[in-house]
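Student: I am new to this structure and would like to look closely at a single part of it. Could you take me through that part carefully, and then relate it to the rest of the model?

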Amino acid sequence: MYTILVCDDDRDIVAALKIYLSAEGYEVLPAYTGKEALDLLDEHTVHLALMDIMMPVMDGIMATAKLREKTNIPIILLTAKSEDTDKVLGLTIGADDYVTKPFNPMEVVARVKSQLRRYTMLGSLQAEQQKKPKVITIGGVTLDDESKSVTVDGDPVTLTPTEYSILKLLMQNPGQVFSSAQIYAAVWKEDAYGNDSTVAVHIRHLREKIEITPAEPRYVKVVWGQGYKFEKGGAAT
Amino acid sequence: MKKRYQAGVKLLAALVLAVSLLVVSFGGVVTVYGLSIGALSGQSVTETGYVQTLAMCGPGGNGYYGQSIADMKDYYRYSNSDVPYENQQMTVLKSEYAPQRSNVRVRMVSVNSNGEMTGTLSTLGGDWVDENCILVSSTSYEQSNGQPARIDVGFDRAFSVEDDALGRYLTGYRFVHGVTSMGLLPGAAAAAVLSVLLGLYLLLAAGHRANETEQDGIRLRFFDRWPVILLGVLLLVAYCAFQLIWEGFNYTYTAPAYTTVDAAEVMVSYPAYGIDFLLTLTAVLIWAFVLVCFFVLRSLTVRIKAHRLWRTTLTFYICNPIYLFAKRKREQYHEQKTVQMVRSIEQAVDASFQETKPDERDKDTGFVLVLDGDKAKETVHGFAQKAQDAARQVADKARAFEWEGSGIQRVLGRVKSVCGYIWRSLCKMASSMSIMWTGMLWGGCIIAAFWIVGVASGSFEVGVFVTLLAIGSLVGLAWVLSQLSRLIEGAKHLSEGDLSYKIDTAHLHGPFRRNADMLNRISSGCAVEVERRMKSEHLKTELLTNVSHDIKTPLTSIINYVDLLKKTDPQPKEAREYADVLERQSNRLKKLLEDLIEASKASTGNITVELAPTDAAELLRQAVGEYSERLTAQSLETVLRIGGESCTITADGRLLWRVFDNLLGNVVKYAMPGTRVYLDLTEQGGQSSIVVKNISREALNIDTDELMERFVRGDASRATEGSGLGLSIARSLTECMGGRFELSVDGDLFKVTLRFPMHPHQKETT
């Protein structure tokens, strides 16, 4: 049983989130200003915080900064602001993930689950990785080359052999950008035919399987006009 | 308006011009002659005037007066070199200078302090009889005893001679005096002003018809079609004829200022005619010459107005046939070459057709007959390949053929290209040169020409004057040009949109300064206006973004609670349907809101663009990959055609994806299911173009501009999802990246063309 702090000045949103999260079996602590959130944190054991940015008394950025001084729990920002600079500011100040309004409730729940798993399973995964050299773990994604299995935040994912090969190639070289032609050559072992978007289609499928929101991927990222890469360290942007 | 150019008015003006020119000529001739004989300088009709006139004319001569003049010259020479102070010296002079028979009288007299004669000291050439002698000149000097004295020189009238020249002089004098007293000179001055005005009017009116409309051209008379050279010859002939007679007259009657010929001699050489006749004749000659000049000037003016001056020059008559001949030859050559090429292509095509296997051809018609689809493709492909190869060979041959041209042609071609290069460089230099240098060059040339003419033709004084004038003009010109160039510089900045540029008025003066002030006011006015617009536009975007953010929060609640409503268990069937509608519409609202923010940001350029080399081919593949499911769901087939291996353009990959996101989103929404979508990538001339083509589901009977406008879509399409901002966003984003966005609708074919500059590095390598 995990406790989640939900902080938003709009009471209806807090209430709605409380319904969804309770349905998943989490205990929810509602707060309506940044100040309240910090007070609640002192009184209770909290495992994750959902934080709005634009709030009266103390805004979400400030609250996140203060919160980080005390604990290491995952913080997911909820905000109406969608500019890149706001996202970067939020993540720099110590947030782990970011959901823009208007959000899909299922997406928020999925992100909460993902963050909680990573928060709680981090230690055991590291130990596991040391034992098995053929296991690659980046962020929440774990690829076991012996059992040919992939898990995301602990949940097993079913991939086709092609998707698996592409993911393996990308995960073996995190941060490196591969063009479609390079991926084609490495996975299909033959030269790419110029007008083919096969690789792009496979990557799209792969993203749908391992990402919460495929349009805004956390792991398998599209570098437009260059190629694809697996985000180094699996940053949650 | 054009009534002033009526033929009657013009004829009348021409007649009045002729008459007034005649008056001017006559007045001018009379004036020059009158001045030369002193008839206009207020002297009375005396022999003194005549004698003085003759005395100025130098030595020599016939008759008695001629003798007297020679004597006087001799005397003056003596007295200048050795001034006779005393009686003794006068005696010496007497002994050395002893004219045999002369009417010249010289006396030396003593004078008092008032200049009055007190007594005669000595005489020469005979006694000085006061009532007979005419005093010509007197020289003051001092005697050895300090007393003032004077030497007088004069003529003795009693020493009478028969002199025809004197008679003629008096006739001329009376004639000039008579006509000038009739008001000739003021009349001539008035006529001169009238002539100038009429001449200008006639030049302006030349070539215009009486009742022409604005579109009518300049009418050329038959003599306006004569070669220019003919006009030149006419002018030359008129000038020579005039010069002959004018010089003769000049030589005889008005020469004293320039010639040293004895006037007395000349007087005798026109015995048969009166001076009045000669003056009138000269005036008529000048008049005729001026009329011819005016005629030539008028004809030239008409030609310039009709832009026919060049076409009537001798150079044109000579060069044009040569040019036409060369042109015809060239055309013939090219035609021949083209025919040869076409024939070769035909042959090549025939040959490649022959090469096609007989079993693939129809026996009767000889055409390629293939039943199997793949085979057909292969055959046609092979055939096309062969034809292409043949065409290339022919093109190579044609190139070689061109080089096989004669040596002269090659040399001529080379000369032409070199000349063209020089000419282009000169033009480029001239156009890049500032007004300062161009102006100084032209002005300097003109001033230098005037200076040379002035110095070459004038006396020393004229030379100095002309030189000073030239220097002054150059300095003035430089000043005016420097002022002007400042103004031009300012105007240039203004026209290029640099509103912050201000012309420095510290060194500008007068009208230039006023002009600069006006320009500065325009630029500051514009700058303020632009600033205001920018601010207002920015505020608008800001407002839109903020309002959108504020809308987002309630929208989040709506979406969440609609979802919860759907999950609430016991409810009537209708309620579920209503919840579905709510969900659909709130999602649509969400999409609209996002598009609205993006459109407002993109259209105001309020977006960060990071231009970098981007592989357009890769991006196209990625975009098609992203959309493959959605396209397949609409049973749309994608045809991706990429010219060349890779195509690196300068763009922001992330924004370019947003462009394609919108374009492909549109395709999914509006394309006719079951058709093909074409994406072509081509590069040409440092530009890469991406074309997206699809067949619209609905009839596209609206023009492209309307299509582009926000929220304007075919009514039938309104039911489908989306905001209709897609195209607008795509265009704004493309333009933010420095690309061009073109939209065209041809029937139901919907076509978007994106043009981006190639990345410079790529350009070098290709």
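Tutor: In this predicted model, residues 575–602 of chain B form a span that is 100% helix and 0% strand, and the C-alpha atoms at its two ends lie 40 Å apart. For these residues of chain B, an unreviewed UniProt entry gives the feature "coiled-coil region".

As for confidence, chain B has a mean pLDDT of 75, with 72% of its residues reaching 70 or more. Within chain B, the pLDDT is below 50 over residues 254–272, although this stretch has 32 contacts in the model beyond near neighbours in sequence. The pLDDT also stays under 50 over residues 710–719 of chain B, where the model has 22 contacts beyond four places in sequence. The scores for the model are ipTM 0.74 and pTM 0.48.

Chain A offers a view of strands, with an open sheet of four that run in the order β6-β7-β8-β9 and pair in the antiparallel sense. Its edge strands are β6 (135–138) and β9 (155–157) of chain A, each of which pairs on one side only, and neighbouring strands of this sheet are turned by 25° against each other on average, direction ignored. Strand β8 of chain A, residues 149–152, is joined to β9(A) by three bridges in an antiparallel pairing, and A:V152 has A:D155 in β9(A) as its bridge partner. Helix α6 of chain A, residues 161–172, packs on the sheet and touches β6, β7 (141–144) and β8 of chain A, while the direction of helix α6 makes about 110° with that of β7(A).

Definitions and conventions:
Residues numbered from 1 in each chain as written. Chains lettered and ligands numbered in written order. Predicted model: local features only at pLDDT ≥ 70, side-chain atom pairs only at ≥ 80, totals over all residues. Heavy atoms only, no water. UniProt positions renumbered as here; feature names shortened; annotations may be inferred. pLDDT = per-residue confidence, 0-100. Contact = heavy atoms within 4.5 Å. Pairing = 2+ DSSP bridges. Axes fitted to C-alpha atoms, helices over the stretch in contact; angles between N-to-C directions.
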